[in-house]
Amino acid sequence: MQLGHLQLNVSDSILPRVEFCKTAREAWAILEGLYRANTLSRKRHLRASLHSLKLEQGEVINVFMSRAILIQNELRYLGEVCTDDEVVLAFLEGLPAEYSSAVDSLMVSALRSSITLAEASVVLQEMEMRVKARQFTESVSVNRVSVRWPKSKKACVFCGKNGHDEESC
């Protein structure tokens, strides 16, 4: 009965491998061998993804943190040990230079005692607001500079002076 359930619930590409098994145990051993390799490569891929995590342009800290936690959860689901400290470290290393002061502060705190993702999130959300405010201020000042009209080198037809045209005389 269990053998029939196994054979009915595998994909068409896997069925030929378990189709002629005599027992469920035999079919299960074949399936386990097939998927063990996939699980190992998946674990390696997830671990590499965690350690190469980068904050994307325009991405907010909460979304970035959620991506890190998702990878951690997938690793745990596969039976891997993935501590919060490892995730916090990968998370901090994935932040751009604008966050360096907050990262340095959190690293010093982490040396004294373990820091949680929630604690790191609070500090980094505050830093994110400061970074965005600074970027906004810089963009406003750049826009003010770019709105100025370039002085014309032509002389005005009416008054003969340089720096403006006849429409603004």
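**A walk through the cores and helices**

Let's start with Ile61: leaving aside residues up to four places away in sequence, Ile61 touches Leu55, Phe91, Leu95, Tyr99, Leu124, Gln125 and Glu128. Keep in mind as we go that this is a predicted model.

Several of those names come back when we turn to the nonpolar cores. The largest one has 27 residues, and the members with the most contacts inside it are Ile61, Phe91, Leu92, Leu95, Tyr99 and Leu124. Which helices supply at least two residues each to this core? They are H3 (24-51), H4, H5, H6 and H7 (117-147). The largest share, 6 residues, comes from H4. Apart from this core lies another one, of 8 residues, including Leu3, Leu6, Ile14 and Leu31.

Now for the aromatics. How many aromatic pairs does the count come to? The answer is 1 aromatic pair. The partners are Phe64 and Phe91, and their rings are stacked, with 4.9 Å from centre to centre and 25° between the planes. The label "stacked" applies because that angle is 25° and the cut-off for stacking is under 30 degrees. The pair also ties together distant parts of the chain: Phe64 sits in helix H4 (residues 61-77) and Phe91 in helix H5 (residues 84-93), 27 residues apart. Are the two rings' residues buried or exposed? Phe64 is buried, at a relative accessible area of 0%, and Phe91 is buried too, again at 0%.

Next, have a look at helix H6 (residues 100-112). With 13 residues at 1.5 Å a residue, H6 should span 18 Å, and its end C-alpha atoms are 19 Å apart, so the two values agree. Which residues of H6 are buried? They are Ala102, Val103 and Leu106. These three cover an arc of only 95° around the axis, so they lie on the same side of H6. Turn to the face directed away from that buried side and you'll find the exposed residues Leu111 and Arg112.

Last stop, the cysteines. Cys21 is buried, with a relative accessible area of 8%, and Cys82 is buried as well, at 2%. As a reminder, a disulfide is a covalent bond between the sulfur atoms of two cysteines. How many disulfides does the structure hold? The number is 0.

Definitions and conventions
Residues numbered from 1 in each chain as written. Predicted model: local features only at pLDDT ≥ 70, side-chain atom pairs only at ≥ 80, totals over all residues. Heavy atoms only, no water. Phe/Tyr/Trp six-rings, centres within 6.5 Å; stacked < 30°, edge-to-face > 60°. Helix = DSSP H or I, 4+ residues; strand = E, 2+ residues; numbered from the N terminus. Buried < 20%, exposed > 50% of the residue type's maximum accessible area, 1.4 Å probe, protein only. Expected span 1.5 Å × (residues − 1). Arc of directions from axis to C-beta. Disulfide = S-S within 2.5 Å. Core = buried A, V, L, I, M, F, W, Y, C linked by side-chain atoms within 4.5 Å. Contact = heavy atoms within 4.5 Å.
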